[in-house]
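Me: Got a minute to go through this one with me? I'd like to start with the pockets and then wander around a bit.

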Amino acid sequence: MTLPDQYGDFSAQTPNYARYGIEFVRGEGVNLYDGDGVPYLDFLSGLGVNNLGHCHPAVVEAIREQAGQLIHTSNLFWTEPAELLARELTGRSIGDAKAFFCNSGAEANEAAIKLARAHASGQGSPAREIVVIERAFHGRTMGALSATPQEDKQAPFAPLVHGFVTAAPTVESVTNAITGQTCAVLLEPVQGEGGVRVIPDEVLIAAREACDSVGALLIFDEVQCGLSRTGSLFAFQQTLVEPDVITLAKALAGGLPIGAMIAAEHCAGSLKPGYHGSTFGGNLVACAAALAALPVLASDDLLASVVETGNYLQARLGELGEVSGRGLMLGVRLEGREDARELVQRLLTEQRLIANATDDSTLRFLPPLIATKDDVDEAVAALNAVL
Ligand SMILES: *Cc1c(COP(=O)(O)O)cnc(C)c1O
């Protein structure tokens, strides 16, 4: 059955997305359902958002309850869900820390970029440069985009924000890029959009040491690789370094928009009253949803399952090509094939499997963390069918 491209020719929305001509009306667990009730296996999780699957009961219940009580007050006032969430996030990550809430990953990175510059300027240091890694992705707002060294994404929007320096993911390149002018290094410990690439531990260690020697902040963008995606609640917990700042978004509120920046106590105070803000940041419903999602994401059972199912998916994908990634954040490079985007389209329409491609030969999988080995077998069978 070919599905009509429902709104393609006459949509009232700006044309900045290449959308598929499928509309989903319901979701449950690892499945999405179209208007005819046909199930699709979602191995992309709404771009790394639905880590607990679609409409997780605990999240739905928390949203219902909070929405009936109080939705928004603004940051002129304290609210319990935001404060509790901040305590949960800091307590579970870098301990002595503070959290700032916003509404997306790009905004979380904007906050981190501003914090790094405010921190340097507050210390009377002239350092303003931020070192980023080749093929990084940090978001679409002007600051986050300037931190995203991808020509096709940046070029139409020049001039960008000044002061971003790109390094290759090697010890030598990162070490050379960090100088007295550096106020921060911003990196994804496991890169997502730029192809699923794990930054080697020795590079992270070198970045940590070089940051310490010049007084720069080490910022980990865990918007995609955080929140149990790679098998630990935070991705840094599987590395040998601890960052000063962590940014989160995507999976944090089980599907509602939220972003967060966690900053170590020694730098968090650099964001003084009036330095930064967000009208919706810390919204009660989003925070209540996150408070329901977080204990499930952090549970030993779920983390053990991510590791086990991730290893299994990795092994099964290994039959098809070279696999990269960690936990349930995996890419497979199909040797000698340049049609990954076409394969994604065929997986969707012929096999009802949702995946995506990060380039012409790499398929990326971000299944819900509740996926089972049976789900993996189903996905791999679908892959084999189109290959
Ligand atoms: C998705 C993503 C972002 C941007 O998040 P938005 O919510 O789309 O602004 C930033 N960093 C990483 C690593 C991401 O994967």
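**Pocket, ligand and strands**

Reply: Sure. The second largest pocket is lined by 37 residues, and those nearest its centre are N75, W78, A99, F100 and F101. Keep in mind that this is a predicted model.

Me: Which elements give two or more residues to the lining of that second largest pocket?

Reply: Helix 3 (80-92), strand 4 (97-102), strand 12 (259-264) and helix 9 (265-268) each give two or more residues to the lining of the second largest pocket.

Me: And what volume does the second largest pocket have?

Reply: The volume of the second largest pocket is about 1,000 Å³.

Me: How does the lining of the second largest pocket split by class?

Reply: The lining of the second largest pocket has 17 nonpolar residues, 15 polar ones and five charged ones.

Me: OK, on to the ligand. Which residues surround the ligand?

Reply: Around the ligand you'll find S104, G105, A106, N109, F137, H138, G139, E188, D221, V223, Q224 and K250. By class, the shell around the ligand has six polar, three charged and three nonpolar residues.

Me: Which helix gives the most to the shell around the ligand?

Reply: Helix 4 (residues 105-122) does, with three residues in the shell around the ligand.

Me: What about A106, how far is a backbone N or O atom of A106 from an oxygen atom of the ligand?

Reply: For A106, the distance from a backbone N or O atom to an oxygen atom of the ligand is 2.8 Å. F137 also comes in through its backbone, with a polar backbone atom 3.3 Å from a nitrogen atom of the ligand. With Q224 the side chain is involved: an N or O atom there is 2.8 Å from an oxygen atom of the ligand.

Me: And how much of the ligand's accessible area does the protein cover?

Reply: On its own the ligand has 380 Å² of accessible area, and the protein covers 82% of that.

Me: Switching to strands. In what order do the four strands of the open sheet run?

Reply: The order in that open sheet is 1-2-3-15, with mixed pairing. Strand 1 (24-28) and strand 15 (353-354) are the edge strands, each pairing on one side only.

Me: In what sense do strand 1 and strand 2 pair?

Reply: Strand 1 and strand 2 (residues 31-34) pair in the antiparallel sense, over four bridges. One pair to look at is R26 and its bridge partner Y33 in strand 2.

Me: How many residues sit between strand 16 and strand 17?

Reply: Two residues lie between strand 16 and strand 17, which form a hairpin. Strand 16 (residues 356-359) pairs with strand 17 (residues 362-365) in the antiparallel sense over three bridges, and N356 stands opposite R364 in strand 17.

Me: Last topic, the backbone. Is the peptide bond from A158 to P159 cis or trans?

Reply: The A158 to P159 peptide bond is cis, with omega near 0°. P159 is in the loop between helix 6 (151-154) and strand 6 (164-167).

Me: And what is phi of C55?

Reply: Phi of C55 is near 55°, a positive value in a residue other than glycine. C55 belongs to the loop between helix 1 (45-48) and helix 2 (57-67).

Definitions and conventions. Residues are numbered from 1 along each chain as its sequence is written. This is a predicted model: local features need pLDDT of at least 70, side-chain atom pairs count only at pLDDT 80 or more; totals for chains, interfaces and linings use all residues. Side-chain values use heavy atoms; hydrogens and water are left out. Two strands pair if DSSP finds at least two bridges between them. On a 1 Å grid over the protein atoms alone, a cavity is a set of points where a 1.4 Å probe fits but cannot get out, and a pocket is an open set with protein on both sides within 12 Å along at least five of seven lines; lining residues have an atom within 4 Å of a point. Grid points are joined across faces, edges and corners, and a volume is the space filled by probe spheres set on the points. Ala, Val, Leu, Ile, Met, Phe, Trp, Tyr, Cys and Pro count as nonpolar, Asp, Glu, Lys and Arg as charged, and the others, Gly among them, as polar. A residue is near a molecule or strand if one of its heavy atoms lies within 4 Å of it. A polar contact is a pair of N or O atoms within 3.5 Å; within protein, one must be able to donate a hydrogen and the other to accept it, and residues adjacent in sequence count only if both atoms are side-chain atoms. Accessible areas come from the Shrake-Rupley method with a 1.4 Å probe; for residues, only the protein chains shown count as cover.
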